[in-house]
Amino acid sequence: MKIYNTLTRRKEEFVPLEEGKVKMYVCGPTVYNFIHIGNARPMIVFDTVRRYLEYKGYEVNYVSNFTDVDDKIIKKANEEGVSAQEISERYIAECKKDMEMMNVKPATTHPLATQEIPGMIQMIQELIEKGYAYEVNGTVYFRTRKFGPYGKLSHKNLDDLRSGNRSLLVSGEDEKEDPLDFVLWKPKKEGEPAWSSPWGEGRPGWHIECSEMSRKYLGEQIDIHAGGEDLVFPHHENEIAQSEACNGKEFSKYWMHNAFLNIDNKKMSKSLGNFFTVREISEKYDLQVLRFFMLNAHYRSPLNFSAELMQSSKASLDRIITAADNLKHLIQNAKDDSMTESELAHYDASEAYVKKFEEAMDDDFNTADAISAIFELVKYLNTHTGPENTKQYLQKCLERLKTLCDILGLVIEKKEDLLDADVEALIAERQQARKEKNFARADEIRAELLAKGIILEDTREGVKWKRA
Ligand code: AMP
Ligand code: ZN
C-alpha cells in the first residue's frame, strides 16, 4: 500500500512502526459554529483511510482533537454573552451529530484542548529546559532557528520565510528574539479563559495542543498525521518543530493532506455568501450523498461543490442502492439450495472487481477509481443475478457489494421509513421539549428526524415536515 507523504513529496510504501498497528492523528475543527462542508472533507477522507486500514487488518488508534479554546470561540461567547465553554460544548455536540449523519466513526479518542493544559505546560517546560523556548513578559516563544530541520514539511527556506515575515510583525511581538519564533503560551487578556502556569495566567498556543495530545494518546512517534492542506504551514511545521525538539525522535512517518473544497469554483467564504454548513446540506440531501460526492474525487485534488454535482452524486449513489435493493428482493424469494457450479464460477469472477477496488485504494487511497470498481461490480451483479439464482449465491453477492461500500463508509441499505404517526409523535415531543426550554432535547429530535430523512420547518402555522 502506498501513501503520498507531504514530507518527501513522494508516494511511499506504507510500513507501520509496529506490525499490525497504526497510530493516526487528525487535526480536528475549532468549535465555534456548525462545521462547514470544507471541514467535512478531512473528516470523510481520513475516516475512509482508517476504514481501509482496518479492512486490511490493522488495529487503528485514531485520535482527533477538538480545539475548544481559541479567539473565535471567545469572540462568539462574548457576542452571545455566554461562556466559551458553553459555545464549545454546544458545537462539539452538533459536530458529533453531523459526523454520525456522514457515517464518520467516532475517533478512538477525541481529546479536548482545555482538558490537556497540564500536559501542554509540561511540554513547554521541557522545551525551555532544552533551550528551544524562552519566556518574555508572560509569553513563551519557540526558538525556531534552533530547530535545524525547520521547513522540512512545507519545503520552505528559513531565510525566505524571514523576509516574508518581516511585514507580519504585530505590536507586542517585537519582544521576540526572531520574527520566525512562534507562541507556545500567551498571557491572559481581560475576559478570556485562562489557566495558571509557571509564566503566569494564560492559555496555550494552538500548535502545542496537537503536539501534546498526540504524544499523550499515541506516544512520541506516530505513523500518520493528517489534516487539510492549509495546515501544512505553519501548523504542522510547528508541530514537528515542537515534538521533535522535545522528544528527540521523528514525530510522524507519513503526513497526509487533503486539498480544499471550493464552491462553484470559488473559495468558500461567508462574505461571498457561498458558505454552507453540513447541517444546511443535510436539509436537502441524505449526507451519504455528500460522502459519496467527496470520495468521488481523489483527496489530493481540489474539489468543486455545486448543486449539479450533488444531484449527479445522488443519482450515482442511487444506482448502487437500487442494485442492493434488487438483490435483497431476489434473496427474499430465492430457493434455499446450495450454490451451483456456474454460480460459483460467477462469484469467483466477481472477485476481479474487489481486486480492482483494492488496487485503487492501495494507490494512495484513490477512492475515485475504487468507486468505479464498485460500479463495475454493480453492472456485473445486475447481469449475473436473477430469480433463478440460489439464496446462498445472492447473499454472497450482496455481501461483497456491501463490504466494498462499507470501506468507503457508504450505507446502501435503505433506511426503514418512519411511519407518519412516529414522525408526528416525535414532533409533539419536540414541541413539548421546547415549551419546557429543553432545547438540547428539541435539537436532538430534529437531528434524529433529519438522520431518517425527515425535514422539519418551523412556520407561523406550526411545524411542517416533509421527506427528503
Ligand atoms: P479548522 O476548524 O479551520 O481548523 O479546520 C478543520 C479542518 O478542516 C482542517 O483540517 C482544515 O484544513 C479543514 N478545512 C477547512 N476548510 C476546508 C476546505 N474548504 N476544504 C477542505 N478542508 C478544509
Ligand atoms: Zn493540529
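**Figure 1. R291 and its salt bridge to D47 in the predicted model.** In this predicted model, R291 counts as buried, with a relative accessibility of 0%. Its salt-bridge partner is D47, and the closest N and O atoms of the two side chains are 2.8 Å apart. The pair joins distant parts of the chain, since D47 belongs to helix α1 and R291 to helix α9, 244 residues apart. D47 is buried as well, at 1% relative accessibility. If you widen the view a little, you can look for R51 and D406: salt bridges with shared partners join D47, R51, R291 and D406 into one network. For the wider setting, the structure holds 37 salt bridges.

**Figure 2. R300, with a salt bridge to D364 and two tyrosine rings.** Here the closest N and O atoms of R300 and D364 are 2.8 Å apart, and the two form a salt bridge. R300 sits in the loop between α9 and β13 (303-305), while D364 sits in the loop between α11 (341-362) and α12, so this pair ties together parts that are 64 residues apart in sequence. How do the two partners compare in exposure? R300 is partly exposed, with a relative accessible area of 32%, whereas D364 is buried, at 0%. Do keep an eye on the rings in this view too. The charged end of R300 sits over the ring of Y4, 4.1 Å from the ring centre. That charged end also sits over the ring of Y299, here at 6.0 Å from the centre.

**Figure 3. The salt bridge between K328 and E413.** K328 and E413 form a salt bridge whose closest N and O atoms are 2.8 Å apart. Distant parts of the chain are linked by this pair: K328 is in helix α10 (residues 307-333), and E413 is in the loop between α13 (391-407) and α14 (420-435), 85 residues apart. K328 counts as partly exposed at 24% relative accessibility. E413 also counts as partly exposed, with a value of 34%.

**Figure 4. R41, a buried arginine with no salt bridge.** You will find R41 in helix α1 (residues 37-55). Which side chain of opposite charge is nearest to R41, and how far away is it? That side chain is E229, 7.2 Å away, and R41 is buried yet has no salt bridge. A salt bridge calls for a distance within 4 Å, so E229 does not qualify as a partner. Backbone oxygens are closer at hand for inspection. A polar atom of the R41 side chain lies 2.9 Å from the backbone oxygen of A259. The R41 side chain also reaches the backbone oxygen of H298, at 3.0 Å. Beyond its neighbours within four places in sequence, R41 is in contact with a set of residues including N258, F260, L261, M294, A297, Y299, S301, P302 and L303.

**Figure 5. The tilted tryptophan pair W185 and W199.** The count of aromatic pairs in this structure comes to 15. One of them, formed by W185 and W199, is tilted, with 5.8 Å from centre to centre and 55° between the planes. W185 lies in strand β7 (residues 182-187) and W199 in the loop between β7 and β8 (202-204), so the pair ties together parts that are 14 residues apart in sequence. W185 is buried, with a relative accessible area of 0%. W199 is buried too, at 11%.

**Figure 6. The edge-to-face phenylalanine pair F292 and F375.** The ring centres of F292 and F375 are 6.4 Å apart and the planes meet at 80°, so this pair is edge-to-face. F292 lies in helix α9 (residues 287-295) and F375 in helix α12 (residues 367-384), so the pair ties together parts that are 83 residues apart in sequence. Are these two residues buried or exposed? Both F292 and F375 are buried.

**Figure 7. An aromatic cluster of F14, Y58 and Y254.** Three residues are worth selecting together here. Ring pairs link F14, Y58 and Y254 into a cluster.

**Figure 8. E18 and D223, far apart in sequence.** E18 is placed in the loop between β2 (10-13) and β3 (21-26). This residue counts as partly exposed, at 40% relative accessibility. Although 205 residues separate E18 from D223 in sequence, their C-alpha atoms are 9.0 Å apart in space.

Conventions:
Residues are numbered from 1 along each chain as its sequence is written. Chains are lettered from A and ligands numbered from 1 in the order in which they are written. This is a predicted model: local features need pLDDT of at least 70, side-chain atom pairs count only at pLDDT 80 or more; totals for chains, interfaces and linings use all residues. Side-chain values use heavy atoms; hydrogens and water are left out. Rings of Phe, Tyr and Trp (its six-membered ring) pair if their centres lie within 6.5 Å; planes under 30 degrees apart count as stacked, over 60 as edge-to-face and the rest as tilted. Helices (H or I, at least four residues) and strands (E, at least two) are DSSP runs, numbered from the N terminus. Buried means under 20% relative accessible area, exposed over 50%, partly exposed in between (1.4 Å probe, protein chains only). A charge sits over a ring if NZ of Lys or CZ of Arg is within 6 Å of the ring centre and within 35 degrees of the ring normal. Lys and Arg count as positive and Asp and Glu as negative; His and the chain ends are not counted. A polar contact is a pair of N or O atoms within 3.5 Å; within protein, one must be able to donate a hydrogen and the other to accept it, and residues adjacent in sequence count only if both atoms are side-chain atoms. Contact means heavy atoms within 4.5 Å.
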